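Student: Hi! I've got a model open and I'd like to talk it through with you. Can we start with the charged pairs?
Tutor: Happy to, let's bring it up.

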Amino acid sequence: MSDGEWSATELDRVGRALLGPASDAIVVADRDGLIRFWNPGAERIFGFPAAEALGQSLDIIIPEPQRARHWAGFQRVMETGESRYGAGELLAVPGLRGDGDRISLEFTIVPLHAPDGQMEGMAAILRDVTRRFEEVRALRRELAEIRKRTDPPG
């Protein structure tokens, strides 16, 4: 590493180190919603090998009931280049694994701009939070049962 700004080679090396073995899924889609990058974290979380996911629509990881809303938001970002989820705010959504199981995801997106400023796609960093989501849901049910038993009728 040099003092000051990093060279393109140094940035490339760091970028490859961050994108490759991450435990989180890192998925890049072009402006048509076709998957162009799929890291080992995405393989682990979604169950699709990169060779199978690359070139496919994002629909392979979006449950059917959520697709219309997803594509409306995706199109809006492609048109405007802006999303509130690119500013560090996490979005919590259901996802779909290759085996058909639904999972709970938290993610943020990074809009990708071409040199001329036009949107060329999006990168998403996704984390499987299914276990935490299910634990919170179970605790809420348990709390509701306790309240039901201890609250006076009335």
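Student: Which side chain meets R127 in a salt bridge?
Tutor: That would be D24, with 2.8 Å from N to O. Keep in mind that this is a predicted model.

Student: Where do R127 and D24 sit in the chain?
Tutor: R127 belongs to strand β5, while D24 lies in the loop between α1 (8-19) and β1. They are 103 residues apart, so the pair links distant parts of the chain.

Student: And is D24 buried or exposed?
Tutor: D24 has a relative accessible area of 15%, and the cut-off for buried is under 20%, so D24 counts as buried. R127, at 44% relative accessibility, is partly exposed.

Student: What else is D24 in contact with, apart from its neighbours within four places in sequence?
Tutor: The contacts are N39, G41, A42, R44, I45, I125, L126 and R127.

Student: G41 caught my eye there. Which helix is G41 in?
Tutor: G41 is in helix α2, and G41 is buried, with a relative accessible area of 1%. There's also a long-range pair to look at: G41 and D128 are 87 residues apart along the chain, and their C-alpha atoms are separated by 10.0 Å.

Student: Back to the charges. How many salt bridges are there?
Tutor: The count comes to four. One of them joins D30 and R36, whose closest N and O atoms are 2.9 Å apart. D30 is buried at 14% relative accessible area, whereas R36 is partly exposed at 47%.

Student: Got another one for me?
Tutor: Sure, R67 and D59 meet through their side chains at 3.8 Å, N to O. Here R67 is partly exposed at 25% relative accessibility, and D59 is partly exposed at 24%.

Student: Let's switch to the sheet. What order do the strands come in?
Tutor: The open sheet has five strands in the order β2-β1-β5-β4-β3, and the pairing is antiparallel. At the edges are β2 (35-38) and β3 (91-96), each pairing on one side only. On average, neighbouring strands are turned by 35° against each other, direction ignored.

Student: How many bridges are there between β1 and β2?
Tutor: Three, in the antiparallel sense, with β1 covering residues 25-30. If you want a spot to look at, V27 has W38 in β2 as its bridge partner.

Student: And how many bridges join β3 to β4?
Tutor: Six, and those two strands also run antiparallel. P94 stands opposite S104 in β4.

Student: What links β3 and β4?
Tutor: They form a hairpin with five residues between them. In the turn, G100 has a positive phi of about 95°.

Student: Which strands does helix α4 lie across?
Tutor: Helix α4 (residues 67-80) lies across β1, β3 and β5 (119-128). Relative to β5, helix α4 runs at about 135°.

Student: Now the inside. Which residues touch the most other members of the largest nonpolar core?
Tutor: W38, F46, L58, I61 and L126 do, out of 26 residues in that core. You'll recognise W38 as the bridge partner of V27.

Student: Why would nonpolar residues group like that?
Tutor: As a general point, nonpolar side chains tend to be buried together in soluble globular proteins.

Student: Which elements supply at least two residues of this core?
Tutor: β1, β2, α2 (40-46), α3 (50-53), α4, β4 (102-113) and β5 each do.

Student: Let me zoom in on F46. What does F46 touch, not counting residues up to four places away in sequence?
Tutor: F46 touches A25, W38, I61, L96, R97, G98, I103, L105 and L126. Of these, W38, I61 and L126 are named with F46 among the residues that touch the most other core members.

Student: Nice. Zooming out, how many helices and strands are in the protein?
Tutor: Five helices and five strands. From the N terminus on, the elements run α-β-β-α-α-α-β-β-β-α.

Student: And what share of the residues is buried?
Tutor: Buried residues make up 32% of the 154 residues. As for contacts between residues at least 6 apart in sequence, 38% join residues at least 24 apart.

How values were computed
Residues numbered from 1 in each chain as written. Predicted model: local features only at pLDDT ≥ 70, side-chain atom pairs only at ≥ 80, totals over all residues. Heavy atoms only, no water. Pairing = 2+ DSSP bridges. Helix = DSSP H or I, 4+ residues; strand = E, 2+ residues; numbered from the N terminus. Axes fitted to C-alpha atoms, helices over the stretch in contact; angles between N-to-C directions. Contact = heavy atoms within 4.5 Å. Buried < 20%, exposed > 50% of the residue type's maximum accessible area, 1.4 Å probe, protein only. Core = buried A, V, L, I, M, F, W, Y, C linked by side-chain atoms within 4.5 Å.
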